[in-house]
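Dear colleague,

I am handing over the structure below, together with some notes on what turned up when I went through it. Please read the notes with the coordinates open beside you.

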Amino acid sequence: MSDRLDGEKSTKVAWRATRWLRGPRPESVPPLVGTAGAVIGLVNLAAGIFPRFRHSRVHALAEVLPGAVSPLAAAASIVVGILLLLLAHGLKRRKRRAWVAAVALLPVGIAAQLVYRHSGFGAVLSFALLVFLVWHRRQFSALPDPRSRWKAVANFLILGGVSFGLGLVIVNSHPHKIIGDPSAWDRIKHVMWGLFGFEGPLRYTHHVDYTVGYSLGALGLLTVATTAYLAFRPEHPAARLTQEDEERLRELLAKHGGRDSLGYFALRDDKGVVFSPTGKAAVCYRVISGVMLASGDPIGDVEAWPGAIERFMEEARAHSWTPAVHGCSETGGQVWTRETGMDALELGDEAIVDVADFTLTGRAMRNVRQMVKRIERNGYETRVRRVRDLTPEELARIQEAADAWRDTDDERGFSMALGRIDAEKDSDAVIATAHLAPAEGEEPGRFGDLKAMQYFVPWGKDGMSLERMRRDRSADPGMNELLIVAALQAAPELGIKHLSLNFAVFRSYLERGEKLGAGPVMRISRATLLFLSRWYQIESLYKFNDKFQPRWEPRFVVFRNSRDIPRIGLATMQAEGYLDLRLPRVLRRKNKAEPQPCVHTVTPIAQSTVERAA
């Protein structure tokens, strides 16, 4: 009996030792570690800049915080404060490198406490925080985000501007110790010279020159050091589809592409992909602002979807990205929520027209019928062909016209946009064009008789999805209606049975809000959407799609928790091209390198670019 108890005791001791070495479970770490780092950084920054704050009651608390040192070490306090602010977001997202940097800074803070302040209590607290981070080291395992060296340019401009602003505050924070009455230009010159490590024109009493000089020099050194690190670190570009990835996706689309009208858009060049362990399913995504945004349903066999979804979630956890799905179907939403425990919200409806049921007869189609007949009487003719049937010259002319008629500098779209017209890669795609011969004695336009175009990508073997609409502004109103009708009428000859039109965001709110007896919530929702329609094509897309009497298929957004919705919305707007947070165009360069493979270290449907029908 005694031997048995001794054995159990030894087992418990060994288990506790193993658990101590491994550290706690990730979820046991407080989630506000990033916020705490930012607050401590601000306290250090204020302690290093404002002399009154250094002698206030708040500074008595700041003295025992990591990196808070005596006024003689104001430069170190400012640098540590800025670094903590820079690291706060990384700590919040459990980035491994942020953890390493924070652990490296804490010994510096401990040394500062002992050498400058002779504060054993402050050193003990710093050491306790260091032990806390080491104990919770398993929590900080997220891998770096995709990056490029152009972040060094952004860092130099932003941090340089911040350093200059802080330098002005530092120079002017000692008004009673400045000798003479220097002008504003002298103060600016003192900041500029100080950031480069030289002595400026201002003079101070009571040895304040050293404090100001060290602080400005530290800000300049910090700007140069962080910029150099970002410029010379190994580049890790965002994952993009390789030739092998694209071939595997095309095989899955050939077998299962008819299940989702958005499936073909997975072949965008700027998307990454994760495959299920069996290779029978895949999830395509794009990482924007820390959000791992998938669009549409997974590609491939429905039974293999859980494996691909699991790989997707593992990749998100490995990088501490926020997982989200944009524009999945009801079936896809059910699988996503069941396998991940995430929540789903109806985002809108996709308009799908069945070719067999489409007709121009009847009262409901009177407006479309009259518009089409009027345009045809004006001499317009339409052509609907596969991309492979167009000559290279004609295809190039259509592509040039589509780019010229675009309202924005870059091609918009993500979930319902392919972003290219390529006869080799997308030979089964369909192009509908409208033509008007010039009148006698009239010179043809820049693109000849071409007045409008629409581009459709394959949807399985017997369907197609609208990718883009373009028209000449000088063409008659109703070009979009004309080409959609022409595509539907030509569909039987092309073997097309289903046509997916645009996505109408929040369509159900617009429809139910205008019905008799609608409640106050629905009425307020509809009024809000109508107000937003002044800037975004919300109501106009719904009305345009509804002209063709489609059937509506709901689409959903899948998210982890409600706090992520604003961030997911921001990422979606960036992905769809409605919000651009990149560097100015003059500072960008085009990356001509080959696509990088989607390497995974595991064990963001907004509106399309349809134009308003005049």
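Strand 2 and strand 3 form a hairpin with 2 residues between them, and in the turn Ser289 has a positive phi of about 55°. This, like everything that follows, is read from a predicted model, and I would ask you to keep that in mind throughout. The two strands of the hairpin, strand 2 (residues 281-288) and strand 3, run antiparallel and are joined by 4 bridges; within this pairing, Arg286 has Leu293 of strand 3 as its bridge partner.

Strand 3 also pairs with strand 5 (residues 322-328), here in the parallel sense and over 5 bridges, and in this pairing Met292 stands opposite Pro323 of strand 5. As for its surroundings, strand 3 (residues 291-295) is mostly covered, with 5 of its 5 residues buried. The cover extends to both faces of the strand, since Val291, Leu293 and Ser295 on one side are buried, as are Met292 and Ala294 on the other.

A second site that I looked at is Gly332, which lies in helix 13 (residues 330-340). Because its relative accessibility is 0%, and the cut-off for buried is under 20%, Gly332 counts as buried. Leaving aside residues up to four places away in sequence, Gly332 touches Asp297 and Trp305. Trp305 is 27 residues away from Gly332 along the chain, while the C-alpha atoms of these two residues are separated by 9.0 Å.

The third item concerns the packing of two helices. The axes of helix 14 (residues 366-377) and helix 16 (residues 479-494) come within 9 Å and cross at roughly 100°; as angles of 65 to 115 degrees count as roughly perpendicular, helix 14 and helix 16 are therefore placed in that class relative to each other. On the side of helix 14 the contact involves Val368, Met371, Val372, Ile375 and Glu376, which meet Met479, Glu481, Leu482 and Val485 in helix 16. Sorted by class, this contact of helix 14 with helix 16 has 7 nonpolar and 2 charged residues, and no polar ones.

Finally, some totals for the chain, in case they help you to place these details. The protein chain has 20 helices and 12 strands, and of its 614 residues 47% count as buried. Its accessible surface comes to about 31,400 Å², of which 58% belongs to carbon and sulfur atoms.

With best wishes

How values were computed: Residues numbered from 1 in each chain as written. Predicted model: local features only at pLDDT ≥ 70, side-chain atom pairs only at ≥ 80, totals over all residues. Heavy atoms only, no water. Buried < 20%, exposed > 50% of the residue type's maximum accessible area, 1.4 Å probe, protein only. Contact = heavy atoms within 4.5 Å. Axes fitted to C-alpha atoms, helices over the stretch in contact; angles between N-to-C directions. Parallel < 35°, antiparallel > 145°, perpendicular 65-115°, else oblique. Nonpolar A, V, L, I, M, F, W, Y, C, P; charged D, E, K, R; others polar. Pairing = 2+ DSSP bridges. Areas by Shrake-Rupley, 256 points an atom, 1.4 Å probe, with all protein chains shown as cover.
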